Amino acid sequence: MSVPSRSLAVPGVAGGEKEGLEARLVATIPPVMRHLLAHARRRPSWAEMTYQQYNVLRIVDREGPMAQGEIARRLMVSAPVVTRQATALTEVGLVERQPDTEDRRSIRLALTTKGRRRVRAMRRELLAAAGELLAPLPEAERANLTTALEQLRVLLPATNR
């Protein structure tokens, strides 16, 4: 006698699609990020800032002044997207545009002091929001999640690890 296997419903997955690991990954990561960002946006440093703007600031903070095209490549967006973000960030005094000494056609983005303070505050607040979301998990589940997340990092390009 075979025991029928119980199908676990995966939100966002059509009934006929495979409900394996791939479907769970695709169905879980985006809503978790949206939920995390919703929590972060309640904090002061996230006021009037988008996640894309945060990512531009984060990359420049971590790597130093960088060409807009390289930022676009790392974020996997088009150059005009980063140009628009850079314009908005420049207007509020968080980044400054600098000529690229190696390529006169290129513009590099550098953080201002205000930008450096802002991106670091945003990161602290994002981590605090993540901490709040994870707080209800028992320690054993937190340890399992830590291991699973570390294993997922192999899926990322080296520049995003």
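**Exercise 1. Which residues does L126 touch, not counting residues up to four places away in sequence?**

Solution. Before starting, note that this is a predicted model, in which local features need pLDDT of at least 70 and side-chain atom pairs count only at pLDDT 80 or more, while totals for chains, interfaces and linings use all residues. Residues are numbered from 1 along each chain as its sequence is written, and side-chain values use heavy atoms, with hydrogens and water left out.

Step 1: take contact to mean heavy atoms within 4.5 Å. With the residues up to four places away in sequence set aside, L126 touches L36, L37, A40, W46 and Y54.

Step 2: locate the residue. L126 belongs to helix 5, where helices (H or I, at least four residues) and strands (E, at least two) are DSSP runs, numbered from the N terminus.

Step 3: assess its burial, with buried meaning under 20% relative accessible area, exposed over 50%, and partly exposed in between (1.4 Å probe, protein chains only). L126 counts as buried because its relative accessibility is 12%.

Step 4: add a distance. The C-alpha atoms of L126 and R41 are separated by 8.6 Å, although these residues are 85 apart along the chain.

**Exercise 2. Describe the largest nonpolar core and the surroundings of W46.**

Solution. Step 1: a nonpolar core is a set of buried Ala, Val, Leu, Ile, Met, Phe, Trp, Tyr and Cys residues joined through side-chain atoms within 4.5 Å. The largest one holds 24 residues, and those touching the most other members are W46, L57, I71, L89, L109 and L126.

Step 2: assign the core to elements. At least two residues each are supplied by helix 1 (21–40), helix 2, helix 3 (68–75), helix 4, strand 3 and helix 5 (113–134), and the largest share, five residues, comes from helix 2. In soluble globular proteins, nonpolar side chains tend to be buried together.

Step 3: list the contacts of W46. Leaving aside its neighbours within four places in sequence, W46 is in contact with L37, A40, R41, Y51, Y54, M122, E125 and L126.

**Exercise 3. Work out the order and pairing of the strands, and find the helices that pack on the sheet.**

Solution. Step 1: set out the elements. The chain has six helices and three strands, which run α-α-β-α-α-β-β-α-α from the N terminus on.

Step 2: establish the order, given that two strands pair if DSSP finds at least two bridges between them. The three strands form an open sheet in the order 1-3-2, with antiparallel pairing. Strand 1 (66–67) and strand 2 (95–99) stand at the edges with a single partner strand each, so one side of each is left without a neighbour in the sheet.

Step 3: go through the pairs. Strand 2 and strand 3 (residues 107–111) are antiparallel and paired over five bridges; P99 stands opposite I107, and E96 has A110 as its bridge partner. Strand 1 and strand 3, also running antiparallel, are joined by two bridges, with R108 as the bridge partner of A67.

Step 4: place the helices, using axes that are lines fitted to C-alpha atoms (for helices over the stretch in contact), with angles from 0 to 180 degrees between N-to-C directions. Helix 2 (residues 51–63) packs on the sheet and touches strand 1, strand 2 and strand 3, its direction making about 85° with that of strand 3. Helix 4 (residues 79–91) also packs on the sheet, touching strand 2 and strand 3, and its direction makes about 120° with that of strand 2.

**Exercise 4. Is D100 buried or exposed, and what surrounds it?**

Solution. Step 1: D100 is found in the loop between strand 2 and strand 3, and at 10% relative accessibility it counts as buried.

Step 2: a polar atom of the D100 side chain lies 2.9 Å from the backbone nitrogen of E102.

Step 3: with neighbours within four places in sequence left aside, D100 is in contact with A67, S106 and R108.

**Exercise 5. Examine E48 and M76, with attention to phi.**

Solution. Step 1: E48, in the loop between helix 1 and helix 2, has a positive phi of about 60° although it is not a glycine. E48 is exposed, with a relative accessible area of 82%.

Step 2: M76, in the loop between helix 3 and helix 4, has a positive phi near 60° and is likewise a residue other than glycine. At 67% relative accessibility, M76 counts as exposed.

Technical notes: A polar contact is a pair of N or O atoms within 3.5 Å; within protein, one must be able to donate a hydrogen and the other to accept it, and residues adjacent in sequence count only if both atoms are side-chain atoms.
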